[in-house]
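This briefing sets out selected local features of one structure, grouped by topic. Please read it alongside the sequence and the coordinates displayed below.

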Amino acid sequence: MKKIAGMLAAMESLIFILMVLLSLDLPISCYSKPQQLVENSSYGRLGLLRSSIWNSTRQDTSRRILPVTPGDSSLNLTGSLPASIPFSQLPISLIINEGQPYTRSSSVQLQFVAPEAVAMRIGNQPDLSDGQWEPFRHTKQWNLRADSGEQSVFCQFRYPDSSFSSIISATIVLNNIAPIASFKVTPDSGIAGETWFTFDASDSEHPLGLMLRWDWDGDGQFDTDWSSQRVQQQQYRFGGGKKQVRLEVQDPSGWTATATTTITVYSRPFPEFSYSQDVQNPLRITFNASGSGDYEDGNRLQFRWDFNSDSTWDTGWSWEQTIIREFQPFETMYVTLEAKDSQGLTNRYVALVTNGFDDMVFVPAGEFFMGSDSFDIDERPVHQVFVSDFWIDRFPVTNQKYARFLNDYVQRYVDRSADIPRFIDLNASESKIRYQAGEYVVEPNYEDHPVIHVTWYGAEAYCHFYDKRLPTEAEWEKAARGPDQRCFPWGNDIDGSRANYWDSGDPYDNETTPVGFYNGRNHNGFHTQDSPGFYGTYDMGSNVKEWVADWYLRNYYAQSPFKDPSGPSSGNRKAVRGGGFLFHANAARVTSRYSLPSDRSSSFIGFRCARSATK
Ligand SMILES: [Ca+2]
Ligand SMILES: [Ca+2]
Ligand SMILES: [Ca+2]
Ligand SMILES: [Ca+2]
């Protein structure tokens, strides 16, 4: 007795907890039936019928069984009995379709776990008024009512030696409604990278809710995860015209439906031009827009040009991809190309065009003999080298041209004016370029003298700025020497009328001479012989030594490749070629070699540029 009374006291507090739980909003289905007291069940226990509870994540039934002593008349278990035993301990349950809360079929599989039960009846009504008693079975097919939606099944069991019965129920959702996929797009056409498309699937339907996913581009790969979000915004990176958009929807029981529509995404054209200078006439520049394109129209684009960045178009619209324009020497212009596609969409491309194309000479492809076996050790051995077509400046770069380069460079790359000290040593006393009043200027009367005190970087930067490059050692030597193994650029003899070397007697008294000084003219009483190199260059071998592209290696000729050698892949010093005003006549030999670290400069080293014949 005491034991039971204590137990009941404990149960009271549990009842309270359960009532709190039951007072919570139980979802969807919560059915309760008045409790019935049953005595002398085969368990020797009291059975209590309780409500069946189903929620969206779990379907279960509850029947509480209390352990009591049979025949204990002091128990008065009427009314609200405790209901605190966890569902998992209940020996009676009804499972529909293995616990799946949804079915698409009106015929469902019922499974019963009801030990000792001998009979059962099943119905759709809580009072089983629509059910007939039948022998207990563990499974049974059951037809749901014809309408779809949430439906409960009720089942009552009878036990062998009593009139005791209990009713349990479970709820299933009969879902025989197909989902509907539908969406609208606004706008139905637009521009890649600019237009935001809105995809609104609010018209898609299912009474139990839907998940949605999208394939934006018709490639069969969905581009979003499943989501309940009905409205999506999307921008296209690439155009290409028609794009099929596909929406797939899925209802909670896994039925899907799709809808597709086609939108049009245009892209702006992507204009681009290259330009090339006519080496015969360096002022003529051919602009070529054939690199332009368009996703929808390929290269069928119209073009117009503004060559002088005055915001006035210098041509009308034209299908022509190339156009020739004459520039002033060393003129620097922002050139604008605008392209228009068949939709009328336009786009612009702007590039700085610098006409630095000096007077250059052409050196045709072919073999020549490089080096000498008679002089310094680094000139050995004589070896045959094939050099491809190329162009090379007729003269070394002058102070005037280099000062113009510095001014244009700091204007073009405003954030890189700190590069200038790496290019040229303006503090060297021999340098003829000065920075004055915000500008690089040349000391009067030295405009046409070769620039000196440039580093290899400064030489390379100049060539690069004008879309050229430094010549290789082999190119330099071939340009000076030609194919006939001569000793000096102009032949095999040297004297002061042909070249500026140390004590050569020129009027500049052991300084640089203007470039091209030894051209056969009489300069204020000083007679010169015309002394070009084999292909028409001047000053190779005299005046100043010249930086070339290659790293210097003393014995490189022993390992040099036959075709277009370009020097060792690395090194400490860059090769320097030719003689100069500070060197004896012997250094003017076309084979003599010299070198200096690339960040150093000297009063006797300048440079000239080259350019490959095919670019
Ligand atoms: Ca896709
Ligand atoms: Ca287009
Ligand atoms: Ca213009
Ligand atoms: Ca001299």
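**Helix 4 and its surroundings**

The buried residues of helix 4 pack against helix 2 (399-412), helix 3 (420-423), strand 33 (545-551), strand 34 (574-577) and strand 36 (605-607). The model is predicted. The points below take up helices 4 and 5, the nonpolar cores, a four-stranded sheet and two partly exposed residues.

**Helices 4 and 5**

- Helix 4 spans residues 456-465, and because 7 of its 10 residues are buried, the helix is largely enclosed by the rest of the structure.
- The buried residues of helix 4 are Trp456, Gly458, Ala459, Glu460, Ala461, Tyr462 and Cys463.
- Asp467, placed just after helix 4, adopts a positive phi of about 65 degrees.
- Helix 5 (residues 473-481) is mostly covered, with 9 of its 9 residues buried.
- The buried residues in helix 5 include the charged-type names Glu473, Glu475, Glu477, Lys478 and Arg481, together with Ala474, Trp476, Ala479 and Ala480.
- Gly482 follows helix 5 and has a positive phi, near 70 degrees.

**Nonpolar cores**

- The largest nonpolar core contains 57 residues. Within this core, the residues with the most contacts are Ile392, Tyr402, Val454, Ala459, Tyr462, Leu470 and Trp547.
- Helix 4 gives the most to this core, contributing 5 residues.
- A second core, separate from the largest one, has 19 residues, among them Leu110, Ala117, Cys155 and Leu174.
- Leu470 is one of the residues with the most contacts inside the largest core. Leaving out residues up to four places away in sequence, Leu470 touches Ala459, Glu460 and Cys463, and also Trp547, Val548, Ala549, Phe607, Cys609 and Ala610.
- Ala459, Glu460 and Cys463 are buried residues of helix 4, and Leu470 touches each of them.

**The four-stranded sheet**

- An open sheet is formed by 4 strands in the order 35-34-33-36, with mixed pairing.
- Its edge strands are strand 35 (593-596) and strand 36, each of which pairs on one side only.
- On average, neighbouring strands of this sheet are turned by 50 degrees against each other, direction ignored.
- Strands 33 and 34 pair in the antiparallel sense over 3 bridges.
- Trp547 has Val576, in strand 34, as its bridge partner. Trp547 is also listed with the residues that have the most contacts inside the largest nonpolar core.
- Strands 33, 34 and 36 are among the elements against which the buried residues of helix 4 pack.

**Two partly exposed residues**

- Glu430 lies in the loop between helix 3 and strand 29 (433-436).
- Glu430 has 13 C-beta neighbours inside 10 Å and therefore counts as partly exposed.
- Not counting residues up to four places away in sequence, Glu430 touches Ile452, His453 and Ser603.
- Glu430 and Phe604 are 174 residues apart along the chain, while their C-alpha atoms are separated by 9.4 Å.
- Asn407 lies in helix 2, one of the elements against which the buried residues of helix 4 pack.
- Asn407 counts as partly exposed because it has 16 C-beta neighbours inside 10 Å.
- Apart from neighbours within four places in sequence, Asn407 is in contact with Glu439 and Tyr440.
- Asn407 and Tyr440 are 33 residues apart in sequence, and 6.1 Å separates them in space, C-alpha to C-alpha.

Definitions and conventions:
Residues are numbered from 1 along each chain as its sequence is written. Chains are lettered from A and ligands numbered from 1 in the order in which they are written. This is a predicted model: local features need pLDDT of at least 70, side-chain atom pairs count only at pLDDT 80 or more; totals for chains, interfaces and linings use all residues. A residue is buried if 20 or more other C-beta atoms lie within 10 Å of its own, exposed if 12 or fewer, and partly exposed in between; C-beta atoms are placed from the backbone. Two residues are in contact if their C-beta atoms, placed from the backbone, lie within 7 Å. A nonpolar core is a set of buried Ala, Val, Leu, Ile, Met, Phe, Trp, Tyr and Cys residues joined through C-beta atoms within 7 Å. Two strands pair if DSSP finds at least two bridges between them. Axes are lines fitted to C-alpha atoms, for helices over the stretch in contact, and angles run from 0 to 180 degrees between N-to-C directions.
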